[in-house]
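Please open the model in your viewer and keep a selection tool at hand. The tour below proceeds stop by stop.

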Amino acid sequence: MGLFGFGKVRKIQDLSIKDLNKERIKQEVKQDQLLARIRKAGEQYDALLESASEPGMTDGDIDAASYKQAQISKSKDRFEKDLQAVMTRITVIDSTRD
């Protein structure tokens, strides 16, 4: 396995600036995608909270909304964990480029 997921590269000295720049762009795209997913999950969570707090909602509707919110929270937590890993990877790439 390569160094930092760079294929056949075995040493830091074998990395080229071009390879590092490509990887940084890939990581930036992942970061943007994860930020969009986190934002969307937050919006879905808030929408469920708002709809569950409307008058006339049955206990079953409230329970269903609560379950969906829990699932959204788990997804959001996973996205945030993945985002932290991407940000760390970007930092490593930047340090390696310097």
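Which lysine residues form a positive surface patch? Select Lys 18, Lys 22, Lys 26 and Lys 30, which together make up this patch. Please bear in mind throughout that the model is predicted.

Centre next on Lys 18, a residue of helix α1, which covers residues 17-52. Its relative accessibility is 56%, so Lys 18 counts as exposed, the cut-off for that class being over 50%.

Remaining with helix α1, select Asp 46, which is found in this helix. Asp 46 has a relative accessible area of 47% and is therefore partly exposed. Extend the selection to Glu 43, Glu 50 and Glu 54: with Asp 46, these residues form a negative surface patch.

Now hide the surface and turn to the interior. Select Leu 34, Ile 38, Phe 79, Leu 83, Val 86 and Ile 90; these six residues constitute the largest nonpolar core. Helices α1 and α2 (59-97) are the elements that each supply two or more residues to this core. The greatest contribution is that of α2, which provides four residues.

The final stop is Lys 76, also located in helix α2. Is this residue buried, partly exposed or exposed? Lys 76 counts as partly exposed because its relative accessibility is 28%, and the partly exposed class lies between 20% and 50%. To finish, draw a distance between the C-alpha atoms of Lys 76 and Leu 35: the separation is 9.9 Å, although the two residues lie 41 residues apart along the chain.

Methods
Residues numbered from 1 in each chain as written. Predicted model: local features only at pLDDT ≥ 70, side-chain atom pairs only at ≥ 80, totals over all residues. Heavy atoms only, no water. Patch = residues over 30% accessible without salt bridge, like charges linked within 9 Å, V, L, I, M, F, W, Y side chains within 5 Å. Areas by Shrake-Rupley, 256 points an atom, 1.4 Å probe, with all protein chains shown as cover. Salt bridge = Lys/Arg side-chain N within 4 Å of Asp/Glu carboxyl O. Lys, Arg positive; Asp, Glu negative; His and termini not counted. Charge placed at Lys NZ, Arg CZ, Asp CG, Glu CD. Buried < 20%, exposed > 50% of the residue type's maximum accessible area, 1.4 Å probe, protein only. Core = buried A, V, L, I, M, F, W, Y, C linked by side-chain atoms within 4.5 Å.
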